[in-house]
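User: Can you take a close look at the charged pairs here and tell me how buried or exposed they are? A word on the surroundings would help too.

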Amino acid sequence: MDRREYFVEMTTHVPEGTAEQAVDDIRAREAARAGDLAAEGYLERLWRPPLAPGEWRTFGLFGADDDSQLNELLASMPLHVWRTDAVTPLSPHPNDPIASAGREPAEFLTALTLTVPDGTAQETIDDLKAREAVRARELAEQGRLVRLWTPPNQPGQWRTVGLWSARDAADLTATLESLPLHVWMTVEATPLTPHPSDPVRGTRS
């Protein structure tokens, strides 16, 4: 069975009155468990999104054989006792580059939603999709497009989840505007910062 990828938004709520030593202990065990899951190939990436004061959230990219195994993996993490997990199953995207080199210093997670204008000819749609694939390959070769996935879509929806590298938010915007499908695209971009337990931390120049 091919392993499936999942995006997991993990929000931790520490019970009031919990001793700082208990928090430090469970965080240390969480880091050790994350290291084990990474070594076993289940935990692929970890990031920190922007946080409000007092908020504790982490974004994770996991691989598992199925939903049941993913649930077991998440439950095996010590912080799970205080955590709420929001899981999005991801499917392969035809333009996914799985890029690994030449990246810019900052990473961004994007949710791209396409709305095709009513009455658009199928020939026009096919042409833009073909040019989009070519541009995606170019951006992957430049290290700007790191990964692409297709999340679950409702009928009539056309959504893509992407991981990008850029110098800054303005650079990301310029990159996305170079996509042929940008004319129909609504973009939600989340800046990401390194997580100390990220499996690839320290491997990038």
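Analyst: Arginine 83 is buried in this predicted model, and the reason it gets that label is a relative accessible area of 10%, where the cut-off for buried is under 20%. Its side chain meets that of aspartate 85 in a salt bridge, at 2.8 Å from N to O. The partner gets another label: aspartate 85 sits at 22% relative accessibility, so it counts as partly exposed.

Residue 83 is also where strand β4 (83–92) starts, and β4 is among the elements that cover the buried residues of helix α2. The others named there include β1 (4–12), α1 (20–39) and β3. So what is being covered? In α2 (residues 67–75), the buried residues are Gln69, Leu70, Leu73 and Leu74. Looking down the helix axis, you'd find them within an arc of 135°, which means they line one face of α2. At the N-terminal end of α2, aspartate 66 acts as the cap: one of its side-chain oxygens is 3.2 Å from the backbone nitrogen of serine 68.

β3 is worth a stop as well. Threonine 58 belongs to this strand, which spans residues 57–64, and threonine 58 is buried, with 9% relative accessibility. Skipping neighbours within four places in sequence, threonine 58 touches Val8, Glu9, Met10, Leu46, Trp47, Pro49 and His195.

Back to the charged pairs: the structure has 13 salt bridges, and a couple of them sit in helix α3. Aspartate 127 pairs with arginine 131, with 3.2 Å between the closest N and O atoms. Both are in α3 (residues 122–141), 4 residues apart, or about one turn of the helix. In general, an α-helix has 3.6 residues a turn, so residues three or four places apart point the same way. Aspartate 127 is partly exposed at a relative accessible area of 41%, and arginine 131 is partly exposed too, also at 41%.

Further along in α3, glutamate 138 and arginine 135 form a salt bridge of 3.0 Å, N to O. These two are 3 residues apart, which again puts about one helical turn between them. Glutamate 138 comes out as partly exposed, at 34% relative accessibility.

Finally, there's a network to look at: salt bridges with shared partners link Glu5, Asp96 and Arg147.

How values were computed: Residues numbered from 1 in each chain as written. Predicted model: local features only at pLDDT ≥ 70, side-chain atom pairs only at ≥ 80, totals over all residues. Heavy atoms only, no water. Buried < 20%, exposed > 50% of the residue type's maximum accessible area, 1.4 Å probe, protein only. Contact = heavy atoms within 4.5 Å. Arc of directions from axis to C-beta. Polar contact = N/O pair within 3.5 Å; in protein donor to acceptor, adjacent residues only side chain to side chain. Salt bridge = Lys/Arg side-chain N within 4 Å of Asp/Glu carboxyl O.
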